[in-house]
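Student: I should like a close look at a single part of this structure, set out as one connected account. Please take one helix together with its surroundings.

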Amino acid sequence: MIDRQAADAARRQNSNIKNGHGGRPDRAERRRSTWTAKSTDGYDPAVKACLSVMTAEWPSLIREAMEILGASELDQARAVIAVEDLTATLACAMHQDINRSRTHDFRLPLPARSVLNWSDDVKEFVDQTGNDGSGGQWTSDDIEGLPGGADWAERSMSACWGAKP
C-alpha cells in the first residue's frame with residue numbers, strides 16, 4: 001500500500017506548479033500574476049512605466065527637439081499638444097477598467113503632465129485649444145474644434161485600440 005499523505009508530500013516537494021515543463025512558468029500562474037499586476041491600478045507595470053515617461057518627459061523633449069530643428073515656438077506648442085493628446089489616447093486605450101483599486105480614470109495612476117512655460121501669445125493659443133488632457137479640441141470640427149480634428153481623433157483612437165495585445 002502507498003501512504004497517501006507521504007505521496008502527496010513528496011509530490012508537493014518534488015514538483016513546482018509555478019515551473020512547468022522545461023522550467024517555464026505555468027500558463028495559469030503567468031495569467032494570475034499578470035491579472036494581479038493589471039488589477040492594482042488598471043495598468044500592466046511595463047505599460048505604466050512607458051506611459052509615465054511619455055506623460056512626464058516627452059512633452060519637454062518634443063519641445064526641445066522642435067526647437068533644435070528650428071521650429072517656431074508656436075509650432076513647438078502644436079507638437080507638444082499633439083504628443084500629449086496621443087499619449088492620453090494611448091493611456092486610455094491601455095487602461096483596464098476592471099481593476100481591484102477601482103481606478104476608473106486612466107490619468108490617476110500616471111504622473112502629472114509636465115508644465116511648460118510659453119510666451120504670452122503661445123500661452124493664449126495653448127489655452128484656447130483646451131489642452132487639458134481631455135482631447136476636447138479634437139472632438140468637433142464645427143463647435144470650437146479644430147478643422148479636421150475629429151477625423152484625426154478617430155484615427156488616433158483606432159490606432160491605439162488596435163495596439164492592444
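Tutor: A helix is here a DSSP run of H or I with at least four residues, and helices are numbered from the N terminus. The model is a predicted one. The part chosen is helix α5, which spans residues 73-94.

Within this helix, Arg-78 and Asp-75 are three residues apart, about one turn of the helix. Their side chains form a salt bridge, with an N to O distance of 3.0 Å. Are these two residues buried, partly exposed or exposed? Arg-78 has a relative accessible area of 42% and is therefore partly exposed. Asp-75, at 32%, is likewise classed as partly exposed.

A second salt bridge joins the side chains of Glu-84 and Arg-113, at 2.9 Å from N to O. Glu-84 belongs to helix α5, whereas Arg-113 lies in the loop between α5 and α6 (120-128), so the pair ties together parts that are 29 residues apart in sequence. Glu-84 has a relative accessibility of 11% and counts as buried, because the cut-off for that class is under 20%. Its partner Arg-113 is partly exposed, at 33%.

The loop between α5 and α6 also holds Ser-114. Beyond its neighbours within four places in sequence, Ser-114 is in contact with Glu-84, as well as with Thr-55, Ala-56, Pro-59 and Ser-60. The C-alpha atoms of Ser-114 and Trp-58 are 8.6 Å apart, although 56 residues separate the two in sequence.

Trp-58 leads on to the packing of α5 against helix α4, since both Trp-58 and Pro-59 are among the α4 residues that meet α5. Two packed helices are described by the angle between their axes and the distance between the axes. For α4 (residues 58-68) and α5, the axes come within 9 Å and cross at roughly 145°. The crossing is right-handed. On the α4 side, the contact is made by Trp-58, Pro-59, Ile-62, Arg-63, Met-66 and Glu-67; on the α5 side, by Glu-73, Asp-75, Gln-76, Ala-79, Val-80, Val-83 and Glu-84. By class, this contact comprises seven nonpolar, one polar and five charged residues.

Two residues connect these descriptions. Asp-75 takes part in the salt bridge with Arg-78 and also in the contact with α4. Glu-84 is paired with Arg-113, is in contact with Ser-114, and is listed among the α5 residues that meet α4. In the whole structure, five salt bridges are found, including the two described here.

Terms used. Residues numbered from 1 in each chain as written. Predicted model: local features only at pLDDT ≥ 70, side-chain atom pairs only at ≥ 80, totals over all residues. Heavy atoms only, no water. Salt bridge = Lys/Arg side-chain N within 4 Å of Asp/Glu carboxyl O. Helix = DSSP H or I, 4+ residues; strand = E, 2+ residues; numbered from the N terminus. Buried < 20%, exposed > 50% of the residue type's maximum accessible area, 1.4 Å probe, protein only. Contact = heavy atoms within 4.5 Å. Axes fitted to C-alpha atoms, helices over the stretch in contact; angles between N-to-C directions. Left-handed = near helix turned anticlockwise from the far one by under 90°. Nonpolar A, V, L, I, M, F, W, Y, C, P; charged D, E, K, R; others polar.
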